[in-house]
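I opened a notebook for this structure and kept the entries short. Each one records what I looked up and what I found.

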Amino acid sequence: MRWSFVGVLVGVAFTCAWVAGGGWLLDRTVLRPELSGEQAVDVMADDAVRGQFAALVTAATAEGMYPGDPNAPVRVRSTVDLVLTIPAGAELAAPTLVEIHSRLIGASEGPVELRPELLAQLVRDERAGGLAPAAIVVPRIGALEATDRVLRLVVPVAAIAAVVLFALVALTRPERDVLIRAAGLGLLVLAMVVVLFRHVLPGYVPPVLEDSIWAQVPAVAARAQLIGTLMLAAGLAVVGLVLVLIAGRTGRRRRRTAPTSSYRYREQYRWS
């Protein structure tokens, strides 16, 4: 009975920890507009996003700079596309990407404006600085907005619950090998949670929820962190595997040194 109780505590504690960790990772990726600005170079490397951005800039400037010239849109778009492919040019668009991301998750409202100063920098022509701002209409993804609200409540509650439950587990004073094994298995699952909530969900779900090209902005920004995500997950998995191996050795050593009758008694009540 004792080990069954401890097992329930450990299971619920780790579940709360995984929920808190997964929610925190979502809050640091798809629900954090600043990420799109930080990953502006990678976002603008996406052909669809860069093409849509260049098309909007071209529509807002070509006719104003070259009235009546039918070849102006082609020349302007070529220039803008070239500017956005270089890191310095992509960084110019970083604040706009942050605003687009913010509109998508419902953190702000209204159209995103491309100011004349930015238009002039993107088209490499000072005449664009005298034109009217260009507006980008960005849809709101209701599911992301709702998720943001829910996580603001769930993450801290789950984190507090996890700490309390782990403290209760420690008070039951189970065998060391059981605790080490549970911690190792918990870290192995946490490694999968990292990949799921830092890469898979933020990197592929937004375009499914909304068919607008702008839904690709937070998705591409999240996928750009793939190397960091894999390194974090691998680190957790390695530590978890080491703990599982240590638990196995500790358990075997304890069984060899314990009296036979004591071993049989604990085997009947051991939680696994």
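**Helix 4 against helix 8**

I began with the place where helix 4 and helix 8 meet. From helix 4, I noted Phe 53, Val 57, Thr 61 and Met 65. Opposite them in helix 8, I found Leu 119, Leu 122 and Val 123. I sorted the residues of this contact by class and got 6 nonpolar, 1 polar and no charged. The model I am reading is a predicted one, and I keep that in mind for every entry.

Next I looked up the geometry of the pair. Helix 4 covers residues 47-65 and helix 8 covers residues 116-123. Their axes are 10 Å apart and the packing angle is about 95 degrees. The range from 65 to 115 degrees counts as roughly perpendicular, so I entered helix 4 and helix 8 as roughly perpendicular to each other.

**Helix 4 against helix 5**

I stayed with helix 4 and turned to helix 5. These two pack with their axes 8 Å apart, at an angle of about 135 degrees. That makes helix 4 oblique to helix 5. I recorded the crossing of helix 4 and helix 5 as right-handed.

I then listed who takes part. Helix 4 brings Arg 50, Gly 51, Phe 53, Ala 54, Ala 55, Val 57, Thr 58, Thr 61, Ala 62 and Met 65 to the contact. Helix 5 answers with Ala 72, Pro 73, Val 76, Arg 77, Val 80, Asp 81, Leu 84 and Thr 85. By class, I have 11 nonpolar, 4 polar and 3 charged residues in the contact of helix 4 with helix 5.

**Arg 75**

I picked one residue of helix 5 for a separate entry. Arg 75 lies in this helix, which spans residues 72-85. Is Arg 75 buried, partly exposed or exposed? Its relative accessibility is 38%, so I put Arg 75 down as partly exposed. Leaving out residues up to four places away in sequence, I found that Arg 75 touches Tyr 66 and Asp 69. I also checked Arg 75 against Ala 62, which is 13 residues apart from it along the chain. The C-alpha atoms of Arg 75 and Ala 62 are separated by 8.5 Å.

**The loop between helix 8 and strand 2**

I went back to helix 8 and followed the chain onward. Arg 124 has its place in the loop between helix 8 and strand 2. With a relative accessible area of 52%, Arg 124 is exposed. I looked up its backbone as well: Arg 124 is not a glycine, yet its phi is positive, at about 60 degrees. I made a side note on the general rule. Most residues other than glycine have a negative phi.

Ala 132 is in the loop between helix 8 and strand 2 too, and the strand covers 134-136. I entered Ala 132 as exposed, at a relative accessible area of 54%. Which residues does Ala 132 touch, not counting those up to four places away in sequence? I found Pro 116 and Leu 119. Between Ala 132 and Leu 119, the C-alpha to C-alpha distance is 9.6 Å, and the two are 13 residues apart in sequence.

**Helix 10 against helix 12**

I looked up one more helix pair. Helix 10 (residues 176-204) and helix 12 (residues 216-223) have axes that come within 7 Å and cross at roughly 155 degrees. That makes helix 10 roughly antiparallel to helix 12. The crossing of helix 10 and helix 12 is left-handed. In this contact, I noted Arg 198, His 199, Pro 202, Gly 203 and Tyr 204 from helix 10, with Pro 218, Ala 219, Ala 222 and Arg 223 from helix 12. The residues of this contact divide into 5 nonpolar, 2 polar and 2 charged.

**Thr 29**

I looked for Thr 29 and found it in the loop between helix 1 (2-27) and helix 2 (34-38). Thr 29 is buried, at a relative accessible area of 1%. Neighbours within four places in sequence aside, its contacts are Leu 35, His 101, Phe 197, Arg 198, Pro 202 and Gln 225. I had already written down Arg 198 and Pro 202 for the contact of helix 10 with helix 12.

**The whole chain**

I ended with the totals. The protein chain has 14 helices and 2 strands. Of its 272 residues, 42% are buried. The chain exposes about 14,100 Å², and carbon and sulfur atoms supply 64% of that. Taking contacts between residues at least 6 apart in sequence, I found that 76% join residues at least 24 apart.

Terms used
Residues numbered from 1 in each chain as written. Predicted model: local features only at pLDDT ≥ 70, side-chain atom pairs only at ≥ 80, totals over all residues. Heavy atoms only, no water. Axes fitted to C-alpha atoms, helices over the stretch in contact; angles between N-to-C directions. Helix = DSSP H or I, 4+ residues; strand = E, 2+ residues; numbered from the N terminus. Parallel < 35°, antiparallel > 145°, perpendicular 65-115°, else oblique. Left-handed = near helix turned anticlockwise from the far one by under 90°. Contact = heavy atoms within 4.5 Å. Nonpolar A, V, L, I, M, F, W, Y, C, P; charged D, E, K, R; others polar. Buried < 20%, exposed > 50% of the residue type's maximum accessible area, 1.4 Å probe, protein only. Areas by Shrake-Rupley, 256 points an atom, 1.4 Å probe, with all protein chains shown as cover.
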